[in-house]
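Hi there,

Here is the structure I promised to pass on to you. Have a look at it first, and then read on for what turned up in it.

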Amino acid sequence: SKKSGRNTMYFFNSSMRNEADKYMELTSAMRTGLAEGHFQVYYQPILDVALQRFTRCEALCRWISPDRGFISPGEFIPVAEQSGLILELGSWLSKQVFACYHTLNSNGYDINFSLNRSPLEFNSIPHTEQFIQSRIQSGIPAEKITLEITESLLMSDNNIKSRNFNALKQEQLNFSIDDFGTGYSAINYLRKYPVESLKIDKSFISEMGVSGQADTLVKVIIQMAKTLEISVVAEGVETREQYEALKKMDCDYIQGFYFAKPMPKEDFLQFIAEHEKE
Ligand code: C2E
Ligand code: CA
Ligand code: CA
Ligand code: CA
């Protein structure tokens, strides 16, 4: 009837308004949070299986708001991408990461740092050039930095993207394909965009030992990567069984709660110090 139609309209508009309000509100709260220093970078150690040492880590952003509490990146990263704030966040994050590298380095450790790069960052030439300059000024060897990007980003090809990719590649920065296996996996993009590593998505890892298909897939991905001379990181490893199985499959690097959760810089420094002393 006309009446229920009107009601539907009303609810539709009101929920759309709520979404828009929420988005606007979160964007301005983020801007304030960035200005007031409520963001932090956490670091998650990554084990080199052959060396049995934590030679890498992934930088993950945290927003700890005094009035909202802990807000997960799953919530604020999409807002940051939509509003463009991801550029500011990304620049801030890379400076934090460079500073952390120096702290560890002055303590005698040489760790590789992985950063997540969003599509918007990758599509901006000034942002990419600024990143390159910032890395040069920091004096950190480029081969100690890895940029994590998704396969969907590489598949939606354009000139700006390939220009940025080539510029970063020329600087000797490393690339890793994040969440590997969840996209289209039309791996022919690897010819245009060669990468150093790929990260098997945690949805496959959590199915290991449960679904035979997941075990087979993980094995096949590792073998394919070996053939292409790409190293493999398994993420979301939570159990000893998963760790042992991946080790048997000759997986190069392992990241997950089984070893450590992402942690603040000070804790990360302590973690590395504890694991490096024999
Ligand atoms: P991601 O890049 O796939 O990061 C891995 C996520 O898995 C992280 O969630 C990490 O805390 C979580 N994780 C690690 N080990 C385990 C495990 O053993 N079990 C389980 N269940 N989870 C594990 P987090 O930190 O909540 O980040 C979520 C996503 O937000 C990231 O997924 C990434 O896409 C994005 N993100 C986080 N920080 C940044 C950033 O600084 N920039 C950009 N562009 N994106 C970021
Ligand atoms: Ca990642
Ligand atoms: Ca991932
Ligand atoms: Ca992910």
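Ligand 1 sits in the largest pocket of this predicted model. There are 21 residues around ligand 1, and those that come nearest are Arg62, Asp178, Lys202, Glu238 and Phe257.

Which elements give two or more residues to the shell around ligand 1? They are β2 (53-65), α2 (73-83), α3 (85-106) and β6. The biggest share comes from β2, which gives four residues.

You can also look at individual polar atoms here. The side chain of arginine 62 has a polar atom 2.8 Å from an oxygen atom of ligand 1. Asparagine 116 has a side-chain N or O atom 3.1 Å from an oxygen atom of ligand 1. For glutamine 44, a side-chain N or O atom is 3.0 Å from a nitrogen atom of the ligand. On its own, ligand 1 has 800 Å² of accessible area, and the protein covers 81% of that.

Next, the calcium ions. Let's start with ligand 2. This calcium ion is coordinated by Glu58 (OE), Asn116 (OD1), Glu148 (OE) and Asp178 (OD), at 2.1 to 2.3 Å. Along the sequence, these donor residues follow the spacing E-x57-N-x31-E-x29-D. Two of the donors link distant parts of the chain: glutamate 58 is in strand β2 and glutamate 148 in strand β5 (residues 145-150), 90 residues apart. Both of these glutamates, 58 and 148, are buried.

You will meet asparagine 116 twice, by the way: its side chain has an N or O atom 3.1 Å from an oxygen atom of ligand 1, and its OD1 atom coordinates the calcium ion (ligand 2).

Which residue bridges the calcium ion (ligand 2) and the calcium ion (ligand 3)? That is aspartate 178, and the two ions lie 3.9 Å apart.

The calcium ion (ligand 3) is coordinated at 2.1 to 2.8 Å by Asp178 (OD), Asp179 (OD) and Glu235, with Glu235 (OE) listed twice. The spacing of its donor residues in sequence is D-D-x55-E. Aspartate 178 lies in strand β6 (residues 174-180), while glutamate 235 is in the loop between β8 (231-234) and α11 (240-248), so this pair ties together parts that are 57 residues apart in sequence.

Are aspartate 178 and glutamate 235 buried or exposed? Aspartate 178 has a relative accessible area of 9%, so it is buried. Glutamate 235 is also at 9% relative accessibility and therefore counts as buried. The cut-off behind this reasoning is that buried means under 20% relative accessible area.

The calcium ion (ligand 4) is coordinated by Asp179 (OD), listed twice, at 2.9 Å. Aspartate 179 has its place in strand β6. The calcium ion (ligand 4) and the calcium ion (ligand 2) are separated by 5.9 Å.

One last stop is serine 91, in helix α3. At 13% relative accessibility, serine 91 counts as buried. A polar atom of the serine 91 side chain lies 2.9 Å from the backbone oxygen of leucine 87. The side chain of serine 91 is also joined to the side chain of glutamine 130 by a polar contact of 3.3 Å.

Happy exploring, and all the best!

How values were computed
Residues are numbered from 1 along each chain as its sequence is written. Chains are lettered from A and ligands numbered from 1 in the order in which they are written. This is a predicted model: local features need pLDDT of at least 70, side-chain atom pairs count only at pLDDT 80 or more; totals for chains, interfaces and linings use all residues. Side-chain values use heavy atoms; hydrogens and water are left out. Donors are N, O and S atoms within 2.8 Å of the metal (3.2 Å for Na, K and Ca); water is not among the atoms, so sites may look incomplete. Buried means under 20% relative accessible area, exposed over 50%, partly exposed in between (1.4 Å probe, protein chains only). A residue is near a molecule or strand if one of its heavy atoms lies within 4 Å of it. A polar contact is a pair of N or O atoms within 3.5 Å; within protein, one must be able to donate a hydrogen and the other to accept it, and residues adjacent in sequence count only if both atoms are side-chain atoms. Accessible areas come from the Shrake-Rupley method with a 1.4 Å probe; for residues, only the protein chains shown count as cover. On a 1 Å grid over the protein atoms alone, a cavity is a set of points where a 1.4 Å probe fits but cannot get out, and a pocket is an open set with protein on both sides within 12 Å along at least five of seven lines; lining residues have an atom within 4 Å of a point. A molecule sits in a cavity or pocket if more than half of its atoms lie within 2 Å of its grid points.
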